[in-house]
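Okay, thanks for coming, everyone. I'd like to walk you through one model, so have a look at the screen and we'll go from there.

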Amino acid sequence: MADLRESDALLMGRVTYGLHAAAWPSETGEFADLMNGLPKYVVSSTLENVEWNNSWLINGNIPEEIKKLRQEVPRTILIDGGSDLVNLLLRHDLIDECRLLVHPVVVGQGKRLFQEGSQMERLKLVEAKLFSTGVVALIYQSNKIAE
Amino acid sequence: MGKVVVSEFITLDGVIEAPGGGDSLGEASGWSMPYFNDETQSSKWLICGKATLCSWGA
């Protein structure tokens with residue numbers, strides 16, 4: 001929840017938007033209120049409009065739009081899911097921080113966080129925590145960010 | 001100036017798909033669920049409710 005409470009905006013792709021927009025408007029509670037209330041930026045070249053409360057469409061030059069957004073907000077823009085969106089931003093050096101909950105399991109299939117060709121150089125580990133389940137939480141900061 | 005943050009459940013082999021359920025990975029779907037407890041739920045690391053979202057297919 002802290003992730004959301006300290007965020008100024010959520011950033012998501014079309015698929016994640018579709019799942020959220022179908023579910024949250026009818027939900028109540030603190031998490032639902034945050035989800036429904038926060039500004040949401042939806043990256044899509046095919047959607048023509050977004051109807052979920054406080055949602056905004058981003059298309060055209062996506063990296064430039066994200067750069068602008070980053071300058072406008074005081075705190076955090078949280079990316080919600082979307083391997084393709086994450087990797088687009090990685091290729092433009094537009095990811096400031098990675099928070100990973102590493103699970104002790106190998107599934108051998110499925111979409112990976114880092115796609116072929118994506119790079120993050122000189123990461124700085126700023127926090128690490130081991131949970132009793134064997135899950136390890138890691139926070140990495142990037143030292144190479146686009147201006 | 002804000003920062004862009006990515007927050008993910010991830011496996012040792014780097015997979016972020018279907019952590020909470022769905023069926024896109026067959027029997028491997030929902031791989032995070034055995035590890036989901038109060039400890040992770042209450043931590044600042046988690047987008048609370050994410051597992052619920054994921055069980056809807058995210």
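Let's get one term out of the way: two strands pair if DSSP finds at least two bridges between them. Strands here are DSSP runs of E, at least two residues, and helices are runs of H or I, at least four residues, both numbered from the N terminus.

Bookkeeping next. This is a predicted model, so to speak: local features need pLDDT of at least 70, side-chain atom pairs count only at pLDDT 80 or more, and totals for chains, interfaces and linings use all residues. Residues are numbered from 1 along each chain as its sequence is written, and chains are lettered from A, with ligands numbered from 1, in the order in which they are written.

Right, the sheet. It's an open one with eight strands and mixed pairing, and the order is β3(A)-β2(A)-β1(A)-β4(A)-β1(B)-β5(A)-β7(A)-β6(A). At the edges sit β3 (55-58) and β6 (124-130) of chain A, each pairing on one side only.

Zooming in, β1(A) and β2(A) run parallel, joined by four bridges. Which residue of β2(A) is the bridge partner of A:G13? That would be A:V43. Helix α2 (residues 14-23) of chain A packs on the sheet and touches β1 and β2 of chain A. The direction of α2 makes about 110 degrees with that of β1(A); axes are lines fitted to C-alpha atoms, for helices over the stretch in contact, and angles run from 0 to 180 degrees between N-to-C directions. Contact means C-beta atoms, placed from the backbone, within 7 Å.

Now chain B. Its elements run β-α-α from the N terminus, and 50% of its 58 residues are buried, meaning 20 or more other C-beta atoms lie within 10 Å of a residue's own, with C-beta atoms placed from the backbone.

On to the inside. The largest nonpolar core (buried Ala, Val, Leu, Ile, Met, Phe, Trp, Tyr and Cys residues joined through C-beta atoms within 7 Å) has 35 residues, and B:V4 is among those with the most contacts inside it. Which element gives the most to this core? It's β1(B), with five residues. Leaving aside neighbours within four places in sequence, B:V4 is in contact with several chain A residues, including A:I66, A:I79, A:L89 and A:D96.

Last bit: chain A is divided into domain 1 (1-81) and domain 2 (96-147), with bounds from an automatic or database domain assignment. Their C-alpha centres lie 22 Å apart.

Notes:
Buried ≥ 20, exposed ≤ 12 C-beta atoms within 10 Å, placed from the backbone. Contact = placed C-beta atoms within 7 Å.
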